Each structure stands twice: as structure tokens, then as C-alpha cells.
Amino acid sequence: MSSMNSLPRIAEPVQRWKRFGEKQLFLPNHVVALLRPKAKQSPHLATFAVPLQFNKLDLRDYLHHAYGVETTAIRSFINQPKPERKNKTGPWYRPRAQKMMIAELVKPFVWPEPVKDEEALKPWDHAMYQKLQKDRRAQEKKQKDPKKVPLRNKFAVPDDVKSVSQQARELLREAKGLKVKEKGLKVEGKEEGKKGEVKDE
Amino acid sequence: MATAATSAVRPSLGAAFRLTPSPSSVRISHQLLSLTRPMSTTAPLLKRHTYPGARSNKDMSKSRGQSALRRTGLRWRLSMSDDPLPKPRSREELPPVEVDPDHGLWDFFPNRETVAASPEDDMKHGRGWMVEELRGKSWEDLHRLWWVCVKERNRIATGAWERERGKMGFGKSEAQGRDREVRVTMRGIKHVLTERFYAWEDAVKLAESDPEVDLSGKGRAFTPREFLEEEEAAEAKVVDYLVEEEVAEVKAEEKAQVPPPETNVQGEAARL
């Protein structure tokens with residue numbers, strides 16, 4: 001604790017806004033979401049996803065009046081997504097951009113730790129979600145590169161198909177009077193040492 | 001300082017200074033050199049000529065040679081030059097940040113521990129408010145309910161971002177269902193307010209042709225005209241009508257019950 005006390009004191013941030021907006025808005029219809037800050041981000045910063053028509057002063061007034069949160073400054077930027085195609089091969093279009101704002105808070109705010117425990121994530125059915133995501137990603141990767149899609153005869157043959165085809169081959173050899181490999185003919189109920197029987201035929 | 005001065009001078013001259021301590025002895029030594037050496041046509045000592053109005057040759061820049069990029073340091077000593085520079089601390093050493101339990105940003109979270117609400121919790125909702133239920137509410141109530149809806153939508157959006165960014169799992173459709181019901185309520189509020197606006201517009205139109213209403217904004221807006229007098233007159237009329245009826249009834253009764261009283265009258269008249 002003594003080392004903590006010896007730390008240099010940093011001045012508490014003070015709200016420096018002289019006044020707030022004067023236009024009264026009774027029924028605002030905006031959706032503002034608070035986002036988890038990046039690792040190592042200061043607890044005095046809070047990130048918001050805001051509507052595109054919002055400006056810094058709007059967010060400042062919104063937080064002040066609706067949530068009682070005081071800010072010292074606000075930064076804003078727009079995340080422009082990459083152009084996409086409809087249904088993979090359809091026409092190109094540009095998805096809607098997302099405006100982000102980072103507010104500097106007077107009072108610090110620390111988020112709770114992200115939930116990583118599998119037991120705690122059970123209500124969201126996390127295990128099944130992950131499995132589906134993995135399969136979907138593998139499928140997408142496969143479809144993206146046609147060269148990597150294996151030919152029909154390169155697919156892995158299932159075990160049951162393998163054993164049936166081998167049995168058929170043995171039968172054919174038997175019919176031709178050729179020597180039969182005992183290895184592949186493992187029929188239930190047959191005891192060992194019956195090589196001779198087959199040989200006799 | 002001394003080294004800086006020597007390096008500012010040209011190296012050949014600096015070497016001369018180093019050999020001989022004083023400038024007066026330099027002159028002497030040159031004369032000696034000229035005596036001992038074979039004759040030369042070069043001047044023994046080159047002296048910079050100054051002329052009136054010549055530019056000062058002094059270095060006017062006091063901070064020459066100081067560079068933050070080259071880390072040269074300062075040329076002058078400062079009062080804090082001996083103080084050690086503060087060293088940055090690692091995050092672990094810093095005291096934990098105390099978060100106010102009443103911080104306004106908590107209102108963005110559906111759940112304080114997990115941030116995102118579980119699909120089960122998201123499903124715990126009824127239907128939105130219907131227009132019929134909202135019609136009886138005052139503006140203050142509707143306004144309050146609107147803000148409850150706005151904050152609930154923000155909460156749902158925050159939970160959705162956290163669920164998707166943190167790859168927590170399923171729950172999108174439950175959150176959307178909840179959001180839909182909130183929007184139903186908001187739509188109902190707008191519906192009721194629009195209805196009230198239309199009713200007000202119609203009332204204004206009616207008031208323009210109503211002689212009892214004054215829309216000029218001066219004096220009383222509504223003045224009932226001769227309302228009480230009319231009522232009295234109406235009552236008087238009713239009374240008259242009733243009296244007339246009574247009289248007619250009495251007459252009819254008299255006619256029916258009493259036989260023609262001519263004899264009696266005659267008798268009375270006789271008695272009188």
C-alpha cells in the first residue's frame with residue numbers, strides 16, 4: 001500500500017461543458033449500445049455504438065439527461081464494412097456503416113470480466129453453438145476454393161462399404177476356384193483352423 | 001563550455017591554440033617561424049576583416065545542438081536536473097479502480113455479472129401495451145413509459161453486442177422477440193398521441209365556429225351565453241304546460257263526476 005500512496009496523484013477529470021443543447025426532444029427513437037472496451041483501455045473511456053445521424057453533442061446530452069453520466073470529451077468514428085454479395089454470387093452491395101463513439105468519463109467504469117467458463121455459458125448452449133460455427137466455417141472454406149473440393153472417388157470410403165466390397169471380391173475368387181485369403185473372411189460362428197476346408201474345395 | 005568554444009573554431013586554429021596558451025605568443029611564434037623557415041609568400045596570419053555594418057558572427061541560437069530526437073540533453077543545468085525521472089508502473093501495481101455501484105452506465109446492462117441476458121431471461125416477458133390500455137393514460141405516464149422502452153431497447157442492444165462479440169452462444173431470436181414487444185408498446189404510444197392530436201385539431205375547427213369560444217387568447221376562452229336564463233325560461237314553459245294540463249284534467253273530471261248542476265245552482269241561488 002505504501003507504494004500505492006507514493007504514486008503521483010492524477011487530477012480527477014472534470015466536466016468542462018459550458019452548457020447543454022436547448023432543443024427539447026420528447027420521444028427520441030434511437031438505440032445506443034454500450035460496448036466492451038478493448039484490453040488495456042482506460043476505465044475512463046466508454047465505447048458506444050450509436051445511430052449514424054448522432055453527433056458528439058447528441059451523445060453528450062443523451063448520456064447526461066437519460067443516464068446521468070458526465071463526460072469530458074467524446075471521439076467518434078465510422079466503421080465502414082467491406083462490400084458484400086447477396087447469396088454469394090448475387091449483386092454487390094455495401095452494408096450499412098456503423099458509427100462508434102468513445103466518451104471520456106468523469107467517473108471511471110470497469111466492465112465485469114467476460115464469461116469464459118463453459119458451465120456459466122450453458123444458458124446460451126455454448127458447446128452446440130461452437131460446434132455449429134466450426135462446421136459452418138469448414139463448409140464455407142470448402143466451398144470458397146473449388147480446387148480443394150475432392151473428386152467423388154477421392155472421398156474417404158466408409159468402413160461398412162469397404163468390408164462388403166471385400167467380401168464380394170472373396171466370393172468371386174471362390175467361384176473361380178482360386179485360393180481364398182482367410183484374413184478378410186471373418187464370419188461369426190466360424191472357428192479357426194478351417195483353412196483346410198476351403199482348400200479342399 | 002570550454003570544449004564547445006574550441007570545437008566551434010576551425011580545427012587548424014584549435015590546434016594552434018592547443019600548442020600555445022596565449023594569442024600574443026602566437027604572433028611571436030609566427031614571426032619566429034618565418035625567420036627559421038624559407039621565405040613564403042602567404043601572409044603569416046589571416047585575420048578576418050570587419051567592416052562597418054558587417055553581420056555579427058555570434059551564434060544567436062542559445063539552444064543550438066539540442067535535439068530531442070538525438071537525445072543530446074540540455075545545454076544548461078536546470079533546478080531539477082539532478083532529480084531522477086519517474087518510471088512508468090505496470091498495470092498490476094496500480095490500485096484497483098473503484099466503480100460506483102450507482103454509475104449510470106450500469107443501466108445499459110441487462111445483467112451485471114454476465115452483461116448479456118440469457119435466452120431464458122429474455123423470454124420472460126409478456127405482451128406490449130395495447131392502444132386501448134394506453135388511451136386512458138396521461139401524457140406524463142406515456143412519456144415515462146416511452147423512456148422505459150428506450151432504455152430497455154438499449155439494454156437489449158448492449159446484450160446482443162456482448163453476446164455476438166464474446167461468442168457466447170445462441171439467444172438472438174429471444175432478444176429479437178423481446179425487442180419486438182417493446183416496439184409494440186412504443187408504436188401504441190405514438191398511436192395514442194396521434195389520435196389526441198387529431199382530436200385537438202377537430203376541436204380547434206369546431207371552436208372557430210362556436211360563438212361561446214374565444215380563440216384570440218385574450219380574456220376567457222370559454223364563456224357560456226345566457227345559459228341560466230334559457231334554463232329558467234324552459235322551466236317556466238314546462239310549468240305552464242303542466243298547469244294547463246292540470247286545468248284541463250280538472251275540467252274533464254268536473255264534467256264526468258258532477259251532473260249538470262243547474263238545479264243546485266238554482267237552489268243555491270234561491271237560498272242566497
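Helices, of at least four residues, and strands, of at least two, are taken here as DSSP runs numbered from the N terminus. On that basis chain A of this predicted model follows the pattern α-β-β-α-β-β-β-β-α-α-α along its sequence, which comes to five helices and six strands. Chain B holds nine helices and zero strands, so that the definition of helices and strands leaves a run of α-α-α-α-α-α-α-α-α from its N terminus on.

**The two chains**

The table sets the totals for the chains side by side.

| Chain | Residues | Helices and strands | Buried residues | Contacts joining residues 24 or more apart, among those 6 or more apart |
|---|---|---|---|---|
| Chain A | 201 residues | five helices, six strands | 9% | 54% |
| Chain B | 272 residues | nine helices, zero strands | 12% | 58% |

The confidence of the prediction is given for chain A, where pLDDT averages 85 and 84% of the residues score at least 70. Over residues 196-201 of chain A, however, pLDDT stays under 50, and the model has one contact beyond four places in sequence for them. Where pLDDT is low, the predicted coordinates should not be read in detail.

**The interface**

Between the chains, 31 residues of chain A are in contact with 33 residues of chain B. On the side of chain A that touches chain B, at least two residues each come from helix H1 (2-5), strand S1 (33-35), strand S2 (45-50) and helix H3 (126-144) of chain A, and S1(A) gives the most, with three residues. Sorted by class, this side of chain A has 25 nonpolar, three polar and three charged residues.

**The largest nonpolar core**

The largest nonpolar core has 23 residues, and those with the most contacts inside it are Ala46(A), Phe48(A), Leu59(A), Ala103(A) and Leu105(B). Two or more residues of this core are given by each of S2, helix H2 (56-67) and strand S6 (98-105) of chain A. Ala46(A), when its neighbours within four places in sequence are left aside, is in contact with Leu34(A), Ala103(A), Leu105(A) and Phe109(A), and also with Leu105(B) of the other chain.

**Helix H2 of chain A**

H2(A) has twelve residues and reaches 16 Å from its first C-alpha to its last, close to the 16 Å expected at 1.5 Å a residue. Its buried residues are Leu59(A), Arg60(A), Tyr62(A) and Leu63(A); seen down the axis of H2(A), they fall within an arc of 165°, and they therefore line one face of the helix. Leu59(A) thus appears both here as a buried residue and among the residues with the most contacts inside the core. The cover over the buried residues of H2(A) includes S2, strand S3 (71-79) and S6 of chain A. Just after H2(A), Gly68(A) takes a positive phi of about 65°.

**Helix H6 of chain B**

Helix H6 of chain B, residues 139-165, has 27 residues and reaches 39 Å from its first C-alpha to its last, close to the 39 Å expected at 1.5 Å a residue. Its buried residues include Cys149(B), Val150(B) and Ile156(B), but also the residues Arg153(B), Arg155(B), Glu162(B) and Arg163(B). What covers the buried residues of H6(B) includes elements from both chains, namely S1 of chain A and helix H7 (172-208) of chain B. S1(A) is also the element that gives the most to the side of chain A that touches chain B. Just after H6(B), Lys167(B) takes a positive phi of about 50°.

Technical notes. Residues numbered from 1 in each chain as written. Chains lettered and ligands numbered in written order. Predicted model: local features only at pLDDT ≥ 70, side-chain atom pairs only at ≥ 80, totals over all residues. Contact = placed C-beta atoms within 7 Å. Nonpolar A, V, L, I, M, F, W, Y, C, P; charged D, E, K, R; others polar. Core = buried A, V, L, I, M, F, W, Y, C linked by C-beta atoms within 7 Å. Buried ≥ 20, exposed ≤ 12 C-beta atoms within 10 Å, placed from the backbone. Expected span 1.5 Å × (residues − 1). Arc of directions from axis to C-beta. pLDDT = per-residue confidence, 0-100.
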